[in-house]
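Visitor: Hi! I'm in my first year and would love a walk through this one. Where shall we start?

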Amino acid sequence: MKDHVELRSGAYADSVTLLQVSRAVQAAPGVVAAQVAMATGLNLEVLEGMGFDIPESSPNDMVVALRLDDDADVATALAAVDAALAPTRPASGDTTVAPPRTTGSALRRTGPGAVALVSVPGASATVEAMDALEAGHDVMVFSDNVPVAEEVALKTYAASRGALVMGPDCGTAVIDGVGLGFANAVRPGRIGIVAASGTGCQQLLALLHHAGADLAARGHDGVGVRHALGVGGRDLSAAVGGTSTREALRRLDADADVDLVVVVSKPPAPEVAEALAKDADALDTPVELGLLGRGQRDLTAVAEAVLARLGHEAPQWPVHGADNTGGATGPLLRGLFVGGTLCDESMLMATEALGPIRSNIPLSDDLALGDELLVDDHTMVDFGDDALTQGRAHPMIDPTLRNEQLARAAADPQTGVILLDLVLGHGAEPDPAALLAPAIAAARAERAIPVVVSLVGTDLDPQGLDATRDALVAAGAEVHLSNASATRRALDLIARFEGAAR
Amino acid sequence: MTETTVVTVGADMFADSVAGQAVGVERVDWRPPMPGTERDLATVATDPRRPEANRTAVEAMLGVTAHLVDVAPASEVLGLEPGQFLHAGPPIEWDRASGPLRGALMGGAALEGLVDDPEDAVALFESGSSVSLEPCHHRSAVGPMAGVVTPSMWMWVLEDRATGRRTYCSLNEGLGKVLRYGAYGPEVLTRLRWMGDVLGPLLQAAVRGTAEASDVTGILTQMLQMGDEAHNRNRAGTLMLLRDLSPAMVGSLEKGPFDAKDVSEALRFIGGNDHFFLNLAMPACKLALDAGRDVPGSTMVVAMARNGTDFGIQVSGTGDQWFTGPAQVAEGLFLGDYGPDDANADIGDSAITETAGIGGFAMATAPAIVRLVGGTVPDALATTRRMHEITLAENPRWSVPVLEFQGTPTGIDVTKVCRTGILPQINTGMAGRVAGVGQVGAGLVTPPAEIFPKALAALAEAAR
């Protein structure tokens, strides 16, 4: 081994740089040990400790001390020192701004009017939503499986800050014409919606949009939805007590551009419904309460009541492909839904006409379906229910499971009519007819089972309402815009079959 | 309702759908939290006390101005008795103490005259009969590296004038073979004796003789704009302190007992030790953080400290409880032919600087030392920005010019650490693992991840 020590007067680098240089040189071929350092007392001590013999120096000298293998080239090692000392980095663009890691961090980068949309797994949704509320922002929580106690805590805190919690399990909102989650693209107007139900809200959006277009063609502007604020399916339960509904009503009441508010919800807790009616009465803006339940109006009737309050007659709700439909091919009705509220609405109507309906979201516990979704009875299945979305995407995004059940229902000789829904809009799959139309055609290939579809969408939706409808009609379906209308049609077909059989 | 911008967290398709409507979208790069923390995170998030508690803790911390009011022996200002030893980090006993802590204790015992030869102190500490160990933090003090404080050591005394609260720290010995890195050779003890006999009294005379007490918080504000991050680089701060104190040090010559040679030696000592100011930065940070302690419901970390074996944190909402895990070995550069095997695990109370939002958290302002672990200037900017993800506030006084004078990320939030998995970045020196060796390098280190879920669980328990 041989040592090479040299002093470089006037050379300077900070100690950290030099430690790094030393490390780089140590890795060079033939180098046993290397220390490049300013000749301070401490460094000289270290160098002497390593066994180097250092000539007289001042702290302003740079010491290059190398210990090399006998056959190593000193010049090569010094070249390694020079290379390590040379500045290597050109000025570079700013690559140091990483995306935000929390909702709170993201909101620090946006303006005060920003809305947060939370769709992380339910176990983490509350934490993200709290970030938004703490920063004074409204939040929509699409996530489901959020414990009710957390929902109450979120909404209690939001109320103290005048913020709005849309959700948890809120599928749909439209704010100033911007659709969040699963939402239809609608013509702006002067109606406000408060919805404890995503697909219920979407049905209203679609119907009011259609009516508005119809009226506009006849010179009446202004029928359309300005905001649709979701509140989550549990908001009007006794546990939650309607906190978000109250805040949403307050917002819409304060908005000078809202003439009428409509509230749509699955059946609320009676005491909450009572309090809600009182709150609604106290507002300056008229409120139409569209609370679903036995003996209550269907969503289409609610839309018609809204139109009536604005002084308009309801249009004829469109139906296409009625010619496709022959008589029922069996005694049983099979409803296969992606929208929970649409399934509910159809069950309520069907129960009155046909008696009890078996379902995975039954109207009473004794009617619950187990794992088997196809039984020897009238059945209606909500494929958007939590139990059927575990480990897979919502059927509005991935229709595989429903299409499988469609084939099974068609193969059952007892099946008389198949009732389906299809929901368009932001967030839904880009071309839903591409998979559903062939599935319908296949279902009708053996025998012409009536397939009645409620197609919930608008002509502004990204999927194209007309194209989707035409594809379904071409596959043999009868397509309604109103789910109530579609359901009535299906019930009528079953009733006729029973009449004929009798 | 106003024009809408949407922040999305979760499914990308919803962000795409909003962007498709020509609306501004800020996407959160969300990842699952640290394993098993979801339930506690939700509990703490919905603790109704938390938002206000954190605001209270942050405001209290940011409201503190630390003034240098005195220099005096630990026996006087801390009531430290012979045989009592303070040390860095959470509580620890001799049998679990690391090499550098043992070395510093042995040197400290010799300094106090409990033994003649530091080596003899091993038996003394093993018996444990006439000696006791206690964390600096339990006495309103902080100590760099081993942080050993003995009764005769002179301490900086910092005060928050608004509340009268005080914190303390020993005087910095310099680099290399020094007590705080676990060295206890004769030269170490000789230097400490000089510091006790000359430097301490001179500084006391200077501080007491300076009409306007030094505003340590203010010096920190300035040094952060002069390339110091106040943990591994204290060069500008040291010079500003020297500027404040040297007139009165020279002025003390009139009264004696020190002569010009003493003053000259003291000035040279301070000026020759770029880390001299660290021992003022640390108690200034502690003074601020102590004001944020004991706010029920607050998730703010008020201390991070290491004893060479354990890394511990204390949190505002959980009082004096320490949450500890194994201290890590820093990654960095080594002096001479020392290597990673020679380094002890992380040690020292100096992570109080990061706890207060400087040190590693202010890396962006100290580009001169970014190469500590082969880092680059962009890395430094990214580090400071990343720390904003886990902190509650920006310090309006401590700003970083290169980041458009954004305040340093201040007030580590236990919940944000658990949510993001981002660990506090600490700049540190490395002590040799064998007692007596001294410093072997410097680098970067993080706390053990597990201590944050532990603290979170205690916060959740307190919230239920």
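Guide: Happy to help! Keep in mind that this is a predicted model. Let's begin with chain B, which is divided into domain 1 (1-29), domain 2 (62-281) and domain 3 (294-463).

Visitor: How far apart do the C-alpha centres of domain 2 and domain 3 of chain B lie?

Guide: Those two centres are 22 Å apart. The two domains are also in contact, with 46 residues from domain 2 of chain B and 47 residues from domain 3 of chain B.

Visitor: Which elements give two or more residues to the domain 2 side of that contact?

Guide: On the side of domain 2 of chain B that touches domain 3, they are α5 (99-111), α8 (216-223) and α11 (278-291) of chain B. The most comes from α5(B), which gives six residues. Sorted by class, that side has 23 nonpolar, 17 polar and six charged residues.

Visitor: Okay, new topic. What about helix α2 of chain B, is it enclosed or open?

Guide: Helix α2 (residues 38-45) of chain B is largely enclosed by the rest of the structure, because seven of its eight residues are buried. The buried ones are Glu38(B), Asp40(B), Leu41(B), Ala42(B), Thr43(B), Val44(B) and Ala45(B).

Visitor: And what do those buried residues pack against?

Guide: Parts of both chains! From chain A there are α5 and α6, and from chain B there are α3 (50-62), α14 (414-420) and α15 (451-463).

Visitor: So how many residues does each chain put into the contact between A and B?

Guide: Chain A puts in 61 residues and chain B puts in 52. On the chain A side, the elements giving two or more residues include α1 (15-26), β2 (31-38), α5 (122-134) and α6 (148-161). Here α5(A) gives the most, with seven residues. By class, this side of chain A has 28 nonpolar, 22 polar and eleven charged residues.

Visitor: Which strand of chain B pairs with β4(A)?

Guide: That is strand β1 (residues 6-9) of chain B, which runs in the parallel sense with β4(A) over four bridges. Within this pairing, Ala116(A) has Val7(B) as its bridge partner.

Visitor: How far is Ala116(A) from Met166(A) in space?

Guide: From C-alpha to C-alpha they are 9.9 Å apart, with their positions 50 residues apart in the sequence. Met166(A) lies in strand β6 (residues 165-166) of chain A.

Visitor: Why does Met166(A) count as buried?

Guide: The cut-off is 20 or more other C-beta atoms within 10 Å. Met166(A) has 32 C-beta neighbours inside 10 Å, so it counts as buried. Leaving out residues up to four places away in sequence, Met166(A) touches several others, among them Val139(A), Met140(A), Ala173(A), Leu229(A) and Ser244(A).

Visitor: Let's zoom out. How many helices and strands does chain A have?

Guide: Chain A has 16 helices and 19 strands. Of its 502 residues, 53% are buried.

Visitor: And what does chain A span along its principal axes?

Guide: Its C-alpha trace spans about 115 × 55 × 45 Å. The radius of gyration of chain A is 34 Å, whereas a compact globule of 502 residues would have one near 23 Å.

Visitor: Which domains does chain A have?

Guide: The domain assignment gives domain 1 (2-85), domain 2 (170-309) and domain 3 (319-501) of chain A. Taken over C-alpha atoms, the centres of domain 1 and domain 3 of chain A are separated by 80 Å.

Visitor: Thanks, that was a great tour!

How values were computed
Residues are numbered from 1 along each chain as its sequence is written. Chains are lettered from A and ligands numbered from 1 in the order in which they are written. This is a predicted model: local features need pLDDT of at least 70, side-chain atom pairs count only at pLDDT 80 or more; totals for chains, interfaces and linings use all residues. Two residues are in contact if their C-beta atoms, placed from the backbone, lie within 7 Å. Ala, Val, Leu, Ile, Met, Phe, Trp, Tyr, Cys and Pro count as nonpolar, Asp, Glu, Lys and Arg as charged, and the others, Gly among them, as polar. Two strands pair if DSSP finds at least two bridges between them. Domain bounds come from an automatic or database domain assignment. A residue is buried if 20 or more other C-beta atoms lie within 10 Å of its own, exposed if 12 or fewer, and partly exposed in between; C-beta atoms are placed from the backbone. The radius of gyration is taken over C-alpha atoms; the globule rule is 2.2 Å times the number of residues to the power 0.38.
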